[in-house]
Amino acid sequence: MPPLRYFVPNGFTGLSLLLGLGSVVMSAEGNFRLAAWMILWGVLLDKLDGSAARLLDATSKFGVEFDSFADFVVFGIAPAALIYYRLLPIGPFLGWEKHALMGVSGLYALALAVRLARFNVMTGGESIFFGLPGTLMGAIIASGFLTWDKYGLPERTLIYSPAVLVIAAGLMVSSVRLPKLKLRKNKVFNAFTVCNVVGAYLCAPLRILPEYLFGIALVYTVGGVVYCLMNPSVGLEAEPESSPDPAPAERLA
């Protein structure tokens, strides 16, 4: 029987996994708005389980693997299901088109599985991600869909969603660098970061301002990638190397 403190982060992880499964069910039943919010709730829990594990000194190999299973469901299968089920009624997805949509959705989930497996056997990269995190991709897809839904944008614009899945899949398994979201020496940057994290933890549970969540996800993604491109040496001192033992690292894979 493990110490009780391990049940706290693993409880967050288990709840995240259940939210992912629930999101898939909601998408299949046509409740796309709730399905997208469930993905965003999973984003919040993914941050909480890592923070709780560190605060309680409850990191473990089991927690790392369990978190990967949850991430695959809530950030891999659930966003793919959201796009797949939402597109079926509006486009000419019959015959080969439907199979192509299924293939694109599967490609996105497969890319996340590859990323998670690679992340679990990496060492180094303490301050930077190599490839964009699946958590971030799930947040962008879910909040982007909710923003589209809130403002009643034309349904024909959703036809481009498969292309978004393909691009997201490529970015997750790429070597694109992105700084991890951590407090730094710059007080202005830290205040900006903390305010936006607090804002996300307020907006998502209350199911309000999806455009704000979409905006901060895009700002973090674009700003972080541009920063790394302008500073080629960032993260190179900690190039990822293969290791047979997964380290209990920060979980934003």
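Q: Helices (H or I, at least four residues) and strands (E, at least two) are DSSP runs, numbered from the N terminus. So how many helices and strands does the protein have?
A: This is a predicted model, where local features need pLDDT of at least 70, side-chain atom pairs need 80 or more, and totals for chains, interfaces and linings use all residues. Residues are numbered from 1 along each chain as its sequence is written, and side-chain values use heavy atoms, without hydrogens or water. From the N terminus on, the elements go α-α-α-α-β-β-α-α-β-α-α-β. Tally them up and you get eight helices and four strands.

Q: What share of the protein's residues is buried?
A: A residue is buried under 20% relative accessible area, exposed over 50% and partly exposed in between (1.4 Å probe, protein chains only). The protein has 253 residues, and the buried share of them is 48%.

Q: Among contacts between residues at least 6 apart in sequence, what share joins residues at least 24 apart?
A: A contact here means heavy atoms within 4.5 Å. Take the pairs at least 6 apart in sequence, then keep those at least 24 apart, and the share is 83%.

Q: Phe 75 sits in helix 3 (residues 61-87); is Phe 75 buried or exposed?
A: Leave aside the neighbours within four places in sequence, and Phe 75 still has plenty to list: Ile 39, Gly 42, Val 43, Asp 46, Tyr 108, Leu 112, Gly 134 and Thr 135 are in contact with it. The relative accessible area of Phe 75 is 1%, so this residue counts as buried.

Q: How far apart in space are Phe 75 and Leu 112, C-alpha to C-alpha?
A: Leu 112 is one of the contacts of Phe 75. The two residues are 37 apart in sequence, while their C-alpha distance is 7.8 Å.

Q: Which helix gives the most to the lining of the largest pocket?
A: A pocket is an open set of points on a 1 Å grid over the protein atoms alone, where a 1.4 Å probe fits, with protein on both sides within 12 Å along at least five of seven lines; lining residues have an atom within 4 Å of a point. The largest pocket has 36 lining residues, with Leu 181, Thr 193, Val 197, Ile 216 and Tyr 220 nearest its centre. At least two lining residues come from each of helix 2 (32-55), helix 5 (134-150), helix 7 and helix 8. The top contributor, with 10 residues, is helix 7.

Q: And which helix gives the most to the lining of the second largest pocket?
A: This pocket is lined by 20 residues, and closest to its centre are Ile 140, Ile 141, Gly 144, Val 164 and Phe 214. Helix 5, helix 6 (161-172) and helix 8 each bring at least two residues to the lining. With seven residues, the most comes from helix 5.

Q: What is the phi of Arg 207, roughly?
A: Arg 207 belongs to the loop between helix 7 and helix 8. Its relative accessibility is 40%, so Arg 207 counts as partly exposed. Arg 207 is not a glycine, yet its phi is positive, near 60°.

Q: Leu 209 also has a positive phi, about 50°, without being a glycine; where does Leu 209 lie?
A: With a relative accessibility of 38%, Leu 209 counts as partly exposed. As for its place in the chain, look in the loop between helix 7 and helix 8.
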